[in-house]
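Notebook open, model loaded. I want to go through helices, rings and cysteines and jot down what I find.

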Amino acid sequence: MFRTRFAPSPTGYMHIGNLRTALYAYLTAKQADGIFILRIEDTDQNRNVPESVQAIYNGLRLAGIEYDEGPDKDGGYGPYTQSQRLPIYKEYADKLIQSGHAYYCFCQKEDKPALEITGERVQGYRDPCRNLSPEEVKAKFDEGILPVIRQRIPEPGVSSFFDHVYGEISIDHAQLDDQVLLKSDGFPTYNFANVVDDHLMAITHVIRGQEYLTSTPKYNLLYEAFGWERPEYVHLPHIIKEDGSKLSKRKGDPSFEDLVRMGYLPEAIVNYVALLGWNPGDEREYFLLPELVAAFDMNRINKSNAAFSFDKLRWLNGEHIRALSPEEFHSRALPFYPAGFDRFDLKQLSALIQVRTENLSDIPALVGFFGELPVYEAGLFAHDKSKSTLESSKTILQAVRPLFAAINEWTNETLFAVLKELAVSQGFKVGTVMWPIRTALSGQETSPGGATELAAILGKDESLRRIELGLEKLR
RNA sequence: GCUCCUAUGGUCUAGUGGUUAGGACGCGGCCCUUUCAAGGCUAAAACCCGGGUUCGAGUCCCGGUAGGAGCACCA
């Protein structure tokens with residue numbers, strides 16, 4: 001049975017990289033009928049943002065990624081929030097002390113010069129406390145100093161492991177730090193908690209960002225120290241920007257929730273993000289979540305970073321929008337219509353714009369002219385492709401006025417039939433008749449829908465009024 | 001600085017020794033058409049560099065170069 005987990009720290013929002021990590025973990029579990037778990041990694045007391053656990057729930061729900069076990073969904077492996085597991089970490093850290101795989105360190109943070117800043121940093125940090133005698137340890141305790149617990153990296157040695165994305169990785173123990181496992185405040189570090197929890201929660205596949213690749217040997221050493229079986233590893237390349245820099249909320253790059261607010265469909269974002277670093281092995285690109293579950297294969301994940309392209313997301317969003325049923329599109333479009341638009345038949349309008357909408361937030365600009373006729377120049381009535389001139393436009397508009405006034409059944413079909421007949425009887429191309437009408441109705445060079453479609457939505461009175469206005473410009 | 005990783009058109013990618021190097025986005029053109037979209041067709045555009053191995057290398061090896069990541073009482 002596959003068991004995977006998504007283990008975010010509660011920072012307040014779901015960024016794109018996290019979304020993909022969650023997605024891949026979910027897909028890996030689900031394609032094998034396994035269990036997907038949500039675990040909250042809130043072991044940094046300085047970095048907890050209130051409400052942010054809620055943001056994680058919301059993000060996952062929005063994405064359609066449902067977890068089988070989590071803080072609010074017990075599956076017998078809880079608690080699923082690390083801050084509630086402190087005694088567990090303590091217990092296991094003590095075991096490591098007893099077995100000699102870890103040691104107390106009484107150094108204070110201030111004692112450690114900031115070597116990493118100088119660029120002169122030495123690898124494989126070995127703390128002096130590594131060699132404290134039991135008496136010295138006792139003496140420090142008696143002094144009342146709160147120790148941290150550090151991992152004792154066995155030396156010399158080399159550790160290797162297999163990663164489903166990166167293959168065989170080997171790292172010399174001389175590169176590995178005697179890192180802190182348990183902080184002096186009693187909280188574990190990620191380095192410790194992830195190992196204990198992944199084992200206790202019976203995680204079979206650890207799926208996480210590539211930044212953990214080089215510290216994985218340290219975790220493996222821990223598994224060994226406990227006599228536990230290692231999980232399978234799937235490290236993910238990063239998602240970056242097209243200029244090669246990394247996505248950052250601080251620089252204004254949108255989170256998952258932001259993208260949804262910007263009018264991208266959650267399912268389109270999920271689809272797009274799935275394709276950033278993975279492909280199904282054939283040429284399909286359009287996927288709904290269940291299809292991703294079926295198609296996903298962790299062994300087809302790429303090794304190199306992928307740049308997030310808004311162009312392509314936008315296209316894919318359009319694909320998803322077009323794939324929606326007219327009813328579904330309408331209900332999603334509804335919140336994006338400008339105020340006062342309920343005077344129109346919005347259902348009809350939605351039908352018109354669905355294929356022309358690549359992003360829901362395009363809607364206001366797309367339909368704005370229905371609400372208010374834009375200011376435009378008479379020159380708009382001249383159009384080569386439709387063989388329209390100012391003269392022909394004037395003639396047609398004049399002819400159309402009484403024709404429209406006489407129509408009782410104000411529908412696209414009737415309107416089209418009437419205009420078509422006008423074109424035939426007057427020897428005009430259909431386009432030549434339609435152009436001035438569409439122009440007068442929209443006041444724009446382009447519009448979502450042709451002359452009769454616009455007229456049907458605008459209604460008889462307003463259509464007539466706009467034709468009149470157009471005629472004035474042509475006088 | 002040390003270590004690990006990566007490298008196919010502008011971008012996402014297929015490719016696992018022999019291909020006219022395939023697809024997608026974007027971009028140009030054409031068709032369709034009631035303007036614009038959508039749809040269809042089509043063009044331009046890529047194997048980082050240098051050595052090897054091999055009859056043959058985008059594919060394997062080595063070395064460069066470039067980029068990314070890690071080296072916290074952060075995750």
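**Entry 1: helix H3**

I started with the buried residues of H3, which are Tyr89, Tyr92, Ala93 and Leu96. Bear in mind that this is a predicted model.

Do they line one face? I rephrased that as: within what arc do the buried residues of H3 fall, seen down the axis? The arc is 105°, so they line one face of the helix. That fits the usual helix geometry: an α-helix has 3.6 residues a turn, so residues three or four places apart point the same way.

Next I looked at the side of H3 turned away from the buried one, and there I found Pro87 and Gln98, which are exposed. Then I checked what covers the buried side. The cover includes strand E3 (102-105), strand E4 (148-151) and strand E7 (180-182), along with helix H6 (190-200) and H7.

I also did a length check on H3. With 14 residues at 1.5 Å a residue, H3 should span 20 Å, and its end C-alpha atoms are 20 Å apart, so the two agree. Just after H3 comes Gly100, with a positive phi of about 85°.

**Entry 2: aromatic pairs**

How many aromatic pairs does the structure hold? I got 23. A pair of aromatic rings is described by the distance of the centres and the angle of the planes, and I noted both for two of them.

Tyr92 turned up again here: it pairs edge-to-face with Phe226, at 5.5 Å centre to centre and 80° between the planes. Tyr92 belongs to helix H3 (residues 86-99) and Phe226 to helix H7 (residues 216-226), so this pair ties together parts that are 134 residues apart in sequence. Both Tyr92 and Phe226 are buried.

The other pair I wrote down is Trp278 with Phe296, which is tilted, with 5.4 Å between centres and 35° between the planes. Trp278 is in the loop between helix H9 (266-274) and helix H10 (289-295), while Phe296 is in the loop between H10 and strand E11 (306-307), so the parts tied together are 18 residues apart in sequence. Trp278 has a relative accessibility of 2% and counts as buried. Phe296 is buried too, at 3%.

I also noted one aromatic cluster made up of Tyr337, Phe341, Phe344, Phe369 and Phe370.

**Entry 3: charges over rings**

I logged two cases. Lys249 lies over the face of Tyr13, 4.9 Å from the ring centre. Arg438 has its charged end over the ring of Trp435, at 4.6 Å from the centre.

**Entry 4: cysteines**

How many disulfides does a search of the whole structure find? Zero. I wanted to see why, so I looked at Cys105. Its closest cysteine sulfur is in Cys107, 3.8 Å away, which is too far for a bond, because a disulfide needs the sulfurs within 2.5 Å. Cys105 is buried, with a relative accessible area of 1%.

Cys129 is in no disulfide either, and its nearest cysteine sulfur is that of Cys107, at 3.6 Å. Cys129 is buried at 8% relative accessible area.

**Entry 5: helix H18**

Seven of the eight residues of H18 (residues 451-458) are buried, so the rest of the structure largely encloses this helix. I listed the buried ones as Ala451, Thr452, Leu454, Ala455, Ala456, Ile457 and Leu458.

What do they pack against? I found five helices in the list: H13 (346-353), H14 (363-371), H16 (412-426), H17 (430-442) and H19 (460-474). After H18 comes Gly459, with a positive phi near 90°.

**Entry 6: two single residues**

H13 sent me to Ser350, which sits in that helix. Ser350 counts as buried, at 2% relative accessibility. Neighbours within four places in sequence aside, Ser350 is in contact with Phe329, His330, Ala333 and Tyr337. I had met Tyr337 already, in the aromatic cluster.

Last came Ala22, in helix H1 (residues 16-30). Is Ala22 buried or exposed? It is buried, at a relative accessible area of 0%. Not counting residues up to four places away in sequence, Ala22 touches Phe6, Phe36, Leu60 and Ile65. I also took a distance from Ala22 to Asp42: they are 20 residues apart in sequence and 17 Å apart in space, C-alpha to C-alpha.

Methods:
Residues are numbered from 1 along each chain as its sequence is written. Chains are lettered from A and ligands numbered from 1 in the order in which they are written. This is a predicted model: local features need pLDDT of at least 70, side-chain atom pairs count only at pLDDT 80 or more; totals for chains, interfaces and linings use all residues. Side-chain values use heavy atoms; hydrogens and water are left out. Buried means under 20% relative accessible area, exposed over 50%, partly exposed in between (1.4 Å probe, protein chains only). Helices (H or I, at least four residues) and strands (E, at least two) are DSSP runs, numbered from the N terminus. Contact means heavy atoms within 4.5 Å. Rings of Phe, Tyr and Trp (its six-membered ring) pair if their centres lie within 6.5 Å; planes under 30 degrees apart count as stacked, over 60 as edge-to-face and the rest as tilted. A charge sits over a ring if NZ of Lys or CZ of Arg is within 6 Å of the ring centre and within 35 degrees of the ring normal. The expected span of a helix is 1.5 Å times one less than its number of residues. The arc is that of the directions from the helix axis to the C-beta atoms.
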